[in-house]
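Let's take a walk through this one, starting with a single chain and working outwards. Keep the structure open and follow along.

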Amino acid sequence: MEFYGVYILWLRDLKRYMRARSRIIGSLGMPIFFLAFLGMGFRRAQIPSLEGISYIDFLAPGVVSMVVLFTGTFSGVSVVWDRQFGFLREIMVSPISRTTIALGRTLGGATTAILQGFLMLVVSFAIGFRPDFLGMIYSLAFMVLIAISFTGMGIAISTIMEDIHGFQLVINFFVFPIFFLSGALFPVEEFPEYIRFLTYLNPLTYGVDGMRWSLIHFSEFNPIIDFIVIGAFSVLVILISTILFNRTEVG
Amino acid sequence: MIMMRFTFPLKKDFIEGDSSFFVVITEKSHAEVEKIIKVEELTKFFGEFAAVKEVSFEVERGEIFGILGPNGAGKTTLIKMLSTLLKPTSGRAFVAGYDVVKEPQKVRQNIGIVFQEPTLDVELTARENLDFHGRIYGMDRRKREKRISEVLELVGLSDKADVLVKKFSGGMQRRLEIARGFMHFPKVLFLDEPTLGLDVQTRRNIWDYIEKLRRDEDVTIILTTHYIEEAEHLCDRVAIIDFGKIIALDTVKNLKERIGKDTIEISVNGEFESILRKEKLSVVRTAESLVLSTSDGEKLIPKLFSLAQEHGVEIQSVKFKKSSLEDVFVLLTGRRIREESASHPMLRRIRR
């Protein structure tokens, strides 16, 4: 593995991100509406497992996680775009190893996801979210792990995707279920028993819970467990995506 | 022409003769000439379909080597195996001395590739694309900056360095890709259909750049094409490939000589035939004209005129037809090269 290679790929992702202003803003649209309108709509709703916490405070860490999840997965899957538009070949015939490429793309995608997540956090202040200021530092750690996990997942998926037509499939049957089953919108405890085990299998559940613990000191699990689960998952995903990436022929 | 591009160490052997001794200057023996590419019985199957069948050839350092064949003949598959993008089903290949299967990274360090389809990052500028490339090939900043302005100069894009690639025309993008392909001083540059889909003028333009490249850089160029003129114009040697097999491999000149010849048809005022026969030219008399066949028509025409003038004969008209690689291809396969060989359903898939 070559560190300079990882750095270059990371730098490329960052440059492209900085240049795509409309995408930065566009992709924040949906989560902002989620936060604003769900927050307003459920303003007075009583959720039994949430005593004393306003819904907007509960929701904001979830929506920030959502942004990280979506941005990360998309930028991972965007390797398929690179394949479609040929740029992947330029990288694949270069002397840097496949492992370097997978890691570079993961870190690049994860960084943009973290930046987006942070931007969402700032925007949420305007909507009325008041997090613990110091807790934002802890939340950053969770954001990093969520970002790496799902960017890596995206890359792993991209290696088995033929072309960009599978993209919609990934969003509808992978990203959305993960989002809804993560406790981002309501506590996982509210799920009926027979569905709840799915949320326990969902790594994002622990990421969201960790975020919420950091930002508003409310959590359903022990934050240390949150950290271990999402951390272990991100390592696993990096390993899997690297192995899958090493096996791809560009053709 | 090829030989002149690099110097052989001259070996001076003193051989004792009967009365004196001779100085014998031997060129490097054939085996010692540097073979930058060696391909041994390379084969690639896609399922049941053999895209490349037991192909063997060697390329010398400094050559422009052409792989000519119709669409779907296996050219791109061959290039992809040599550039480590596809793994061969069987057989071996060495590029710059490294095995493409066992040492892919070493091979990649030593080659540059320009693919058929564009592989630029259109969201970046020309300079950024080149800078990215220089970095992944491990060039340091100073070397990179110097080289970027050099290669941009060579392909005539210096004034477009900081323009986003998505604003480039097709020809400009191709030129940038070629510039990028040889930016890291590769020993071998693969050009897969470098002028596919470009208009005639842009094509000539690209040819000029390729020729300039071979003059200015120490690089061996392997190019695939299904344009006969391109192979004729650029290549030292050409392998003609059809249905995954090499069916002929030689210099353009030798290939053409296999089938023959250029023909010159002249009509004259006066007795000229006997004069031409005296010059040992092959002449056929038709009702209105004389038809000469020769291996080098361009040189013969001026000679004909001076002969005519010498003997007071007036040449009234001249028709000249060059022999071309197209004729060679037709001779070997019974088909024209541009006929879409749609007979095989797998072909479209294989080409990608």
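In chain B, 68% of the contacts with a separation of 6 or more are between residues 24 or more positions apart. Bear in mind as you look that this is a predicted model. Chain B has 12 helices and 16 strands, and of its 352 residues, 37% are buried.

A good place to zoom in is the open sheet of chain B, where 4 strands line up as β14-β15-β13-β16 with antiparallel pairing. β14 and β16 (314-321) sit at the edges with a single partner strand each, so one side of each has no neighbour in the sheet. From one strand to the next, the twist averages 25°.

Now go through the pairings. β14 (residues 282-285) and β15 (residues 290-294) of chain B are joined by 4 bridges in the antiparallel sense, and the two make a hairpin with 4 residues between them. On the other pairing of β15(B), 5 bridges link this strand to β13 (residues 262-269) of chain B, again antiparallel. Leu292(B) in β15(B) is a handy landmark here: Val283(B) stands opposite Leu292(B), and so does Ile264(B). Helix α10 (residues 297-310) of chain B lies across β13, β15 and β16 of chain B, and runs at about 175° to β16(B).

There is another hairpin to look at earlier in the chain B sequence. β3 (residues 35-46) and β4 (residues 49-60) of chain B run antiparallel and are joined by 8 bridges. Phe46(B) faces Phe49(B) of β4(B) across the pair. The hairpin has 2 residues between its strands, and Gly47(B) takes a positive phi near 65° there.

Positive phi values also turn up in residues other than glycine. Phe185(B) has phi near 55° and belongs to the loop between α5 (170-183) and β9 (188-192) of chain B. Phe243(B) has phi near 50°, and its loop runs between β11 (237-242) and β12 (245-251) of chain B. Are these two phenylalanines buried or exposed? Phe185(B) has 14 other C-beta atoms within 10 Å, so it counts as partly exposed. Phe243(B) has 19 other C-beta atoms within 10 Å and is therefore partly exposed as well, since a residue is buried if 20 or more lie within that distance.

Next, the interior. In soluble globular proteins, nonpolar side chains tend to be buried together. Here the largest nonpolar core has 133 residues, and the members that touch the most others are Leu69(A), Ile146(A) and Phe190(B). Helix α3 (residues 55-77) of chain A gives the largest share of this core, 14 residues. If you centre your view on Leu69(A) and set aside neighbours within four places in sequence, you'll find Ile146(A), Phe150(A), Val175(A), Ile178(A), Phe179(A) and Leu204(A) in contact with it.

Finally, turn to where the chains meet: 21 residues of chain A are in contact with 22 residues of chain B. On the chain A side, the elements giving two or more residues are α1 (3-19) and α5 (87-92). α1(A) supplies the largest share, 7 residues. Sorted by class, the chain A side of this contact has 9 nonpolar, 5 polar and 7 charged residues.

Note on methods: Residues are numbered from 1 along each chain as its sequence is written. Chains are lettered from A and ligands numbered from 1 in the order in which they are written. This is a predicted model: local features need pLDDT of at least 70, side-chain atom pairs count only at pLDDT 80 or more; totals for chains, interfaces and linings use all residues. Two residues are in contact if their C-beta atoms, placed from the backbone, lie within 7 Å. Ala, Val, Leu, Ile, Met, Phe, Trp, Tyr, Cys and Pro count as nonpolar, Asp, Glu, Lys and Arg as charged, and the others, Gly among them, as polar. A nonpolar core is a set of buried Ala, Val, Leu, Ile, Met, Phe, Trp, Tyr and Cys residues joined through C-beta atoms within 7 Å. A residue is buried if 20 or more other C-beta atoms lie within 10 Å of its own, exposed if 12 or fewer, and partly exposed in between; C-beta atoms are placed from the backbone. Two strands pair if DSSP finds at least two bridges between them. Axes are lines fitted to C-alpha atoms, for helices over the stretch in contact, and angles run from 0 to 180 degrees between N-to-C directions.
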